[in-house]
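Biologist: I would like a close look at one part of this model, the salt bridges and the residues around them. Please take them in turn and say where the partners sit and how exposed they are.

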Amino acid sequence: MRSLKRTCLWMKLQWEPSNYRSVIIGLKKFSSLPHWDENLDIRKWNKKVSNFIRGGQINEARRLFDTLQYKNTVTWNSMISGYVKNREIVKARKLFDEMPQRDVVSWNLIISGYVRGSKQIEEGRYLFDQMPVRDKVSWNTLIGGYARNGKMYEALDMFRRMNERDTITWNTMITGFLQNGDVVRAMELFKEMPQRDSASISALVSGLIQNGKLDEAAKVLFEVKSLSDGVTDVIHAYNTLIAGYGQCGRIVEARRLFDQIPSHLDEGRGEEQVSFVKNVVTWNSMMMSYIKAGDLSSARELFDNMLTRDVISWNTMISGYTQVCNLEEAAKLFHEMPNPDSQSWNSMISGYAQNGDLELARSFFDKTPIKSLISWNSMISGYEQNGEYEEAVRLLHQLQGEGERPDKHTLSAVLSTCAGLSALHLGMQIHQLVIKLVIADVPINNALITMYSRCGVISDARSVFDEMALKRDVVSWNSIIGGYAYNGLAVEALKFFEEMKSENVKPTHITFVSVLSACAHAGLVDEGRRQFKSMVYEYGIEPLMEHFASLVDVIGRNGYVEEAMNLIKTMPFEPDSAVWGALLGACRIHNNVDFAIIAAESLMKLEPESSAPYVMLHRLYTDAGRWEDATRVKTMMQGNKIKKQAGYSWIGLQ
């Protein structure tokens, strides 16, 4: 600043007053900019713009960009790149059009923004054709855009027109064909490739596996040693193949491949030169394969033998234990883990929640240092799955109070909670949140159908179902059939079932629970028998306890009590309380005391603290005028200290 003052004094002495005034005006205008003396070092300002963009502060970057009097091509390219990365192509294009001078990077950046989506890719092609000078990046960007958007004909045309292709060009084309399911063309290009690198091998192996060509992928990898182009560092491809074997359950082959990879460079045998060794991903891939196969002991042996573990190693093993509900071992590893991350905490939360230990799940949730939305969803789902509906709703309110925005998983879990509570008003509020916050997918719409059905508003459930149109899955059909059956609209439920079959949607065991329940409510005994046989012989579904309970209910409540008893005797497993409860209910309707005694005594053994079988048997005896037996049941109830419960039913099948 002192040197500037001396310069101004010199100009005052040497120049005419009018000239001096114009210089001073210019200096004042220049000095009005923030940190005007630093503008002379444009690299510093470019770095500041880039730092803002890397930190996700695109608006701050633009404000700084607009204050800069002096900008070079790097400044403009940085800002355009920021907009492209944030998918703000309109703003990027406006800057591009305003640029006083462009270089090839400028063109490549704006083209990369347009080729991300199939709707705008032709604008990228138009710009490509307008480029004064193109480099390999220009060609590869456009070829990659066509390939990602499934336009392989256009990609191949560009590929053939390109004079100087590099390995990136070839890899892009091979990956494009594989992503679009054309394995033959991908293999042809791979064989034509003049020079391959490790990325080429990895891309081909990965693509073949994704297309279900696991053996072909293995063959490619095993032939690498005989290739003349010197590709040796293929550890990533080996890791991918191990994972591929694991996904397909071919655990022996995965382990054989794992053992073939040396742990140290000096393990090469004979004249063979080994330039790659196992890395942490190799160990993790093998561990994941064992866990998927249900072999936790082998996975743990690998884990214990690892010299270097990363956070994925720990999380893989912790998740493996939580999946089999071995929470004690999972907790030990969690507490030994050097730096548990969000996934580690979430695994423990969901593990305890799924195991029904909500107290410990909540303890981990409350102690989680940084709660992600997954943390909230795991805890809310845990409450919902264990019937703690009020707690799930309270946690949703807490989530919103802390400024978190629920996603479709949160809303789906809370809708299930509303169904459990039959809380229509809250369910309608959640429906409004769905409309505002997310694009409703099939699971959310299914949850809405169930919620409205359980709340007795079957018309709204039907509206949601109708709006789904072609986007229905088997759960959608089960939800609407179950909803009509739950609300006693048996005929409508059966009509939906016939429509479901006409659209070639294969029923599940849940479908038949609702269908049999509908038959029971409508008194359709023959239809119930027919549907039960259809389930077994036409669809090959093995009857579960709930199917037998529904069929016992169908035939028993319509007067065929002896047939219901015989059905129970032929069941392939011991009947539960729902089965005996259905029979006891039928006996109550038709005054069959003999079978009622059998059903009641069986229920007393299964549920020794329940008053329901005592109360039901007492009523049967009194209705039949068997007062001594009625008194005996009452005395037995008092002797066993059984208190009568208000409102009880075994038939909660829907």
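Modeller: What follows goes through three salt bridges and then some of their surroundings. The model is predicted, and the count of salt bridges comes to 22.

Arginine 93 pairs with glutamate 123, and their closest N and O atoms are 2.8 Å apart. This pair links distant parts of the chain, with arginine 93 in helix α6 (residues 89-98) and glutamate 123 in helix α8, 30 residues apart. Arginine 93 counts as buried because its relative accessibility is 17%, under the 20% limit. Glutamate 123, with a relative accessible area of 30%, is partly exposed. The two also belong to a network of salt bridges that links Arg93, Asp97 and Glu123.

Helix α8 (residues 121-130) also holds arginine 125. Arginine 125 is buried, at a relative accessible area of 16%. Leaving aside neighbours within four places in sequence, its contacts are Leu142, Tyr146, Met158 and Arg161.

The second pair is arginine 255 with aspartate 259, at 3.0 Å from N to O. Both are in helix α16 (residues 251-260), and because they are four residues apart, about one helical turn separates them. Arginine 255 is partly exposed at 28% relative accessible area, and aspartate 259 is partly exposed at 48%. UniProt, in an unreviewed entry, lists residues 234-264 among the spans for "repeat: PPR". In the model, that span is 74% helix and 0% strand, and its end C-alpha atoms lie 15 Å apart.

The third pair joins aspartate 441 and lysine 408 at 3.4 Å, N to O. Here too distant parts of the chain are linked: aspartate 441 is in the loop between α26 (424-437) and α27 (442-454), lysine 408 is in helix α25 (residues 408-421), and the two are 33 residues apart. Aspartate 441 has a relative accessible area of 21% and is partly exposed. Lysine 408 is partly exposed as well, at 34% relative accessibility.

For the nonpolar side of the model, the largest nonpolar core has 196 residues, and Met348 is one of those that touch the most other members. Methionine 348 touches residues including Ile318, Leu327, Phe334 and Phe364, with residues up to four places away in sequence not counted. On the surface, Met288, Val311 and Ile312 form a nonpolar patch with about 230 Å² of accessible area together. Valine 311 lies in helix α19 (residues 311-323) and is partly exposed, at 33% relative accessibility.

Notes: Residues are numbered from 1 along each chain as its sequence is written. This is a predicted model: local features need pLDDT of at least 70, side-chain atom pairs count only at pLDDT 80 or more; totals for chains, interfaces and linings use all residues. Side-chain values use heavy atoms; hydrogens and water are left out. UniProt positions are given in the numbering used here, feature names are shortened, and annotations may be inferred rather than shown by experiment. Patches are made of residues with over 30% relative accessible area and no salt bridge: like charges are joined within 9 Å, nonpolar side chains (Val, Leu, Ile, Met, Phe, Trp, Tyr) within 5 Å. Accessible areas come from the Shrake-Rupley method with a 1.4 Å probe; for residues, only the protein chains shown count as cover. A salt bridge is a side-chain nitrogen of Lys or Arg within 4 Å of a carboxyl oxygen of Asp or Glu. Buried means under 20% relative accessible area, exposed over 50%, partly exposed in between (1.4 Å probe, protein chains only). Contact means heavy atoms within 4.5 Å. A nonpolar core is a set of buried Ala, Val, Leu, Ile, Met, Phe, Trp, Tyr and Cys residues joined through side-chain atoms within 4.5 Å.
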